[in-house]
Amino acid sequence: MDLIAPLIVATLRISAPYLWASLGGWYSERSGIVNLALEGMLLHGALACVLAAHACEQAGASGAVAAWAGIAAAILAGALTGALHAAACVAAKGDQITSGIAINLLAAGVTKLVLTLVFGSASNSARIAGLEPWAIPGLAHWGVTRVLFCTPLVLFAAVAVAGSEFVARRTRFGLRLHAAGEMPRAVQAAGVSVAGLRWRAVLLGGALAGVGGAWLALDQHQFTAGISNGRGFIALAALIFGKWTPRGAAAACLLFGAAEAMQIQLQAHGTGIPTQFVQMLPYVVTLVALAGAIGRAHPPAALGRADE
């Protein structure tokens with residue numbers, strides 16, 4: 001039990017940014033827009049969170065107030081990044097893959113530039129306060145007095161998954177979103193703007209991915225260059241493995257998070273296995289899961305078709 005509880009905590013902590021980004025990708029791709037820009041959205045969200053939180057702390061605000069201000073800024077930054085992607089892909093009908101890659105490259109450069117201008121370093125920011133997890137009575141015998149799955153952003157992630165499932169199955173917006181990704185011309189014929197639906201989906205997706213960036217910044221109490229570390233691409237792999245459903249993506253994110261948590265545990269306890277092989281574990285699991293999903297996961301029929 002002493003090993004299981006920390007593993008569960010680590011899994012939930014590591015899975016959170018994957019989950020937020022994956023949900024953001026779901027809204028975008030369900031509408032028919034490929035979203036390779038998740039990495040850039042995470043980076044912009046994390047940097048915006050740190051900038052806002054640091055400014056609030058400098059103004060004398062408490063750590064909790066600063067953290068929530070950072071989350072709000074991350075949501076806005078993610079949505080603005082989504083707006084850039086939507087402008088390129090929906091308004092200009094540009095290549096969606098190219099747009100996503102360009103945004104990721106832009107984010108990598110812009111974040112380093114802003115770090116240098118604001119904090120005088122291209123590698124890391126000043127320290128900020130994080131969101132304190134809630135203490136749970138009765139877990140002291142596990143050696144865990146504060147459990148990270150009760151941190152607000154992780155609880156909200158579970159709510160976001162359930163809410164997205166409800167949106168997908170029970171709301172007019174969700175049904176139209178599904179139709180826009182499958183048969184956009186039929187949606188247009190029904191008098192509904194496909195472009196409008198896609199704009200809303202990409203903006204919402206960007207905002208959700210921005211929350212994932214805020215989680216990274218608050219968890220590490222600072223912004224470091226490349227803080228996303230490929231999580232946007234792993235989130236996209238989780239979306240594919242989860243067959244473009246919120247619950248499936250969430251399950252895949254937990255799987256990838258568990259693999260990464262296991263890798264950390266193995267390194268900490270020393271197994272005699274070469275470190276390089278242990279570090280490969282989460283990526284091997286991701287590749288195997290993705291390879292197994294190919295052929296069985298069917299993307300939205302109009303995904304990536306800018307002409308629709």
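# A quick tour of an all-helix model

There are 0 disulfides in this structure. Keep in mind that what you're looking at is a predicted model. The protein chain has 12 helices and 0 strands, so if you follow it along the sequence, you just read α-α-α-α-α-α-α-α-α-α-α-α. Out of the chain's 308 residues, 50% count as buried. Take the contacts with a separation of 6 or more: 74% of them come from residues 24 or more positions apart.

**Helix H1**

- Start with H1, which covers residues 4-30 and has a kink of about 35° at Ala 16.
- That kink sits shortly before a proline, Pro 17.
- Most of H1 is covered up, with 21 of its 27 residues buried.
- Right after H1 ends, Gly 32 takes a positive phi of about 110°.

**Two H1 residues to look up**

- Ser 15 is part of helix H1. Is Ser 15 buried or exposed? Ser 15 is buried, because its relative accessible area is 4% and buried means under 20%.
- Leaving out residues up to four places away in sequence, Ser 15 touches Cys 253, Leu 254 and Gly 257.
- Leu 19 is also in helix H1, and at 12% relative accessibility Leu 19 counts as buried.
- Which residues does Leu 19 touch, not counting those up to four places away in sequence? They are Ala 157, Val 161, Ala 250 and Cys 253.
- Leu 19 and Val 161 are 142 residues apart along the chain, and their C-alpha atoms are separated by 8.5 Å.
- A handy bit of background: an α-helix has 3.6 residues a turn, so residues three or four places apart point the same way.

**The largest pocket**

- The largest pocket in the model has a volume of about 210 Å³.
- Its lining is made of 12 residues, and the ones nearest the centre are Leu 12, Leu 19, Val 154, Ala 158 and Leu 254.
- Which elements give two or more residues to that lining? They are H1, helix H5 (152-170) and helix H10 (246-269).
- H5 gives the most to the lining of the largest pocket, with 5 residues.
- What kinds of residues line the largest pocket? The lining splits into 11 nonpolar, 1 polar and no charged.

**Cysteines**

- Back to the cysteines: Cys 89 lies in helix H3, which covers residues 63-91.
- Cys 89 has 2% relative accessibility, so it counts as buried.
- Not counting residues up to four places away in sequence, Cys 89 touches Ile 33, Gly 94, Gln 96 and Ser 99.
- How far apart are the C-alpha atoms of Cys 89 and Gly 304? They are separated by 9.1 Å, although the two residues are 215 residues apart along the chain.
- Cys 253 counts as buried too, at 1% relative accessibility. You've met Cys 253 already, among the residues that Ser 15 touches and among those that Leu 19 touches.

**Helix H9 and the loops around it**

- Helix H9 runs over 231-241, and 8 of its 11 residues are buried, which makes H9 mostly covered.
- The buried ones are Arg 231, Gly 232, Ile 234, Ala 235, Leu 236, Ala 237, Ala 238 and Leu 239.
- Now for some backbone angles. Most residues other than glycine have a negative phi.
- Asn 229 has a positive phi near 50°, and Asn 229 isn't a glycine. You'll find Asn 229 in the loop between helix H8 (194-220) and helix H9.
- Asn 229 is exposed, because its relative accessible area is 52% and exposed means over 50%.
- Lys 243 follows H9, and its phi is positive as well, near 60°.
- Trp 244 has a positive phi of about 55° although it is not a glycine. Where is Trp 244 found? Trp 244 is in the loop between H9 and H10.
- Is Trp 244 buried or exposed? Trp 244 is buried, with a relative accessible area of 6%.

Technical notes: Residues numbered from 1 in each chain as written. Predicted model: local features only at pLDDT ≥ 70, side-chain atom pairs only at ≥ 80, totals over all residues. Heavy atoms only, no water. Bend = angle between axes of the 7 residues up to and from the residue. Helix = DSSP H or I, 4+ residues; strand = E, 2+ residues; numbered from the N terminus. Buried < 20%, exposed > 50% of the residue type's maximum accessible area, 1.4 Å probe, protein only. 1 Å grid on protein atoms, 1.4 Å probe; cavity = no way out; pocket = protein on both sides within 12 Å on 5 of 7 lines; lining within 4 Å. Points joined across faces, edges and corners; volume = space filled by probe spheres on them. Nonpolar A, V, L, I, M, F, W, Y, C, P; charged D, E, K, R; others polar. Disulfide = S-S within 2.5 Å. Contact = heavy atoms within 4.5 Å.
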